[in-house]
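Let's take a walk through this model, starting with the overall layout and then zooming in on single residues. Have the viewer ready and follow along.

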Amino acid sequence: MPKSHTRKKAVYTPPQKSQQVKVSPRWLAPVMVASWIIGILWIALFYIAPDLPGIATLSNWNLLAGFVFIIFGVVLSTRWR
């Protein structure tokens, strides 16, 4: 009886990892921290002094503005290496 042909499987070699380490841009960390601080201060200022001219016109939209800054800081933190 003839032998069937055997398949030669190639040995798996994982792709080479790059030796270069990715580094965050210098502006990322200060902008990230500043965004968190601005967001927290915006919300705190809304609760402490809601009658200020710029704060009173936005009313409860101040909470959204503060959280937008905080969320922006969180999104930047995902890019920090």
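Helices here are DSSP runs of H or I with at least four residues, strands are runs of E with at least two, and both are numbered from the N terminus. With that in hand, the predicted model reads α-α-α along the sequence. That amounts to three helices and zero strands.

How does the overall spread look? A compact globule of 81 residues would have a radius of gyration near 12 Å, but this protein has 27 Å. Lined up along the principal axes, the C-alpha atoms fill a box of roughly 95 × 30 × 15 Å. As for burial, 16% of the 81 residues count as buried. You can also pick up the spread from one pair: Met32 and Ala10 are 22 residues apart along the chain, and their C-alpha atoms are separated by 47 Å.

Next, the record. The unreviewed UniProt entry carries the annotation "transmembrane region" for residues 27–49 and 61–80. Such annotations may be inferred rather than shown by experiment, so let's put the model beside them. For residues 27–49, the end C-alpha atoms lie 32 Å apart, and the span is 91% helix and 0% strand. For residues 61–80, the ends lie 29 Å apart, with 85% helix and 0% strand.

Helix α1 covers residues 28–48, and Met32 is one of its residues. Is Met32 buried or exposed? It counts as buried, because its relative accessibility is 4% and the cut-off for burial is under 20%. Now slide along to Ile48, which lies in α1 too. Ile48 is exposed, since its relative accessible area is 70% and anything over 50% gets that label. For a feel of the spacing, Ile48 and Leu63 are 15 residues apart along the chain, with their C-alpha atoms separated by 13 Å.

Now for the rings: the structure holds two aromatic pairs. In one of them, Trp42 and Phe69 have ring centres 5.8 Å apart and planes at 35 degrees, so the pair is tilted. This pair links distant parts of the chain, with Trp42 in helix α1 and Phe69 in helix α3 (residues 61–77), 27 residues apart. Trp42 is partly exposed, with a relative accessible area of 27%, and Phe69 also counts as partly exposed, at 29% relative accessibility. The other pair is Phe46 and Tyr47, whose ring centres are 5.4 Å apart; their planes sit at 55 degrees, so this pair is tilted as well. Why do both angles get that label? Because planes under 30 degrees apart count as stacked, those over 60 as edge-to-face, and the rest as tilted. The two residues of this pair get opposite burial labels: Phe46 counts as buried at 10% relative accessibility, whereas Tyr47 counts as exposed at 58%.

Let's move to the loop between α2 (53–58) and α3, where Ser59 has its place. What is worth checking here is the backbone: phi of Ser59 is near 45 degrees, a positive value in a residue other than glycine. For context, most residues other than glycine have a negative phi. Ser59 counts as partly exposed, with a relative accessibility of 38%.

One more stop, this time on the surface. Which residues form the nonpolar patch? They are Leu58, Trp61, Leu64 and Val68, and together they have about 410 Å² of accessible area. Helix α3 gives the most to the patch, with three residues. Trp61 lies in α3 and is exposed, with a relative accessible area of 58%. Val68 lies in α3 too, but this residue is partly exposed, because its relative accessible area is 49% and the exposed label needs over 50%. Finally, try a distance between helix α3 and an earlier part of the chain: Val68 and Val33 are 35 residues apart along the chain, and their C-alpha atoms are separated by 14 Å.

Methods: Residues numbered from 1 in each chain as written. Predicted model: local features only at pLDDT ≥ 70, side-chain atom pairs only at ≥ 80, totals over all residues. Heavy atoms only, no water. Buried < 20%, exposed > 50% of the residue type's maximum accessible area, 1.4 Å probe, protein only. Phe/Tyr/Trp six-rings, centres within 6.5 Å; stacked < 30°, edge-to-face > 60°. Patch = residues over 30% accessible without salt bridge, like charges linked within 9 Å, V, L, I, M, F, W, Y side chains within 5 Å. Areas by Shrake-Rupley, 256 points an atom, 1.4 Å probe, with all protein chains shown as cover. Salt bridge = Lys/Arg side-chain N within 4 Å of Asp/Glu carboxyl O. Rg over C-alpha atoms; globule rule 2.2 N^0.38 Å.
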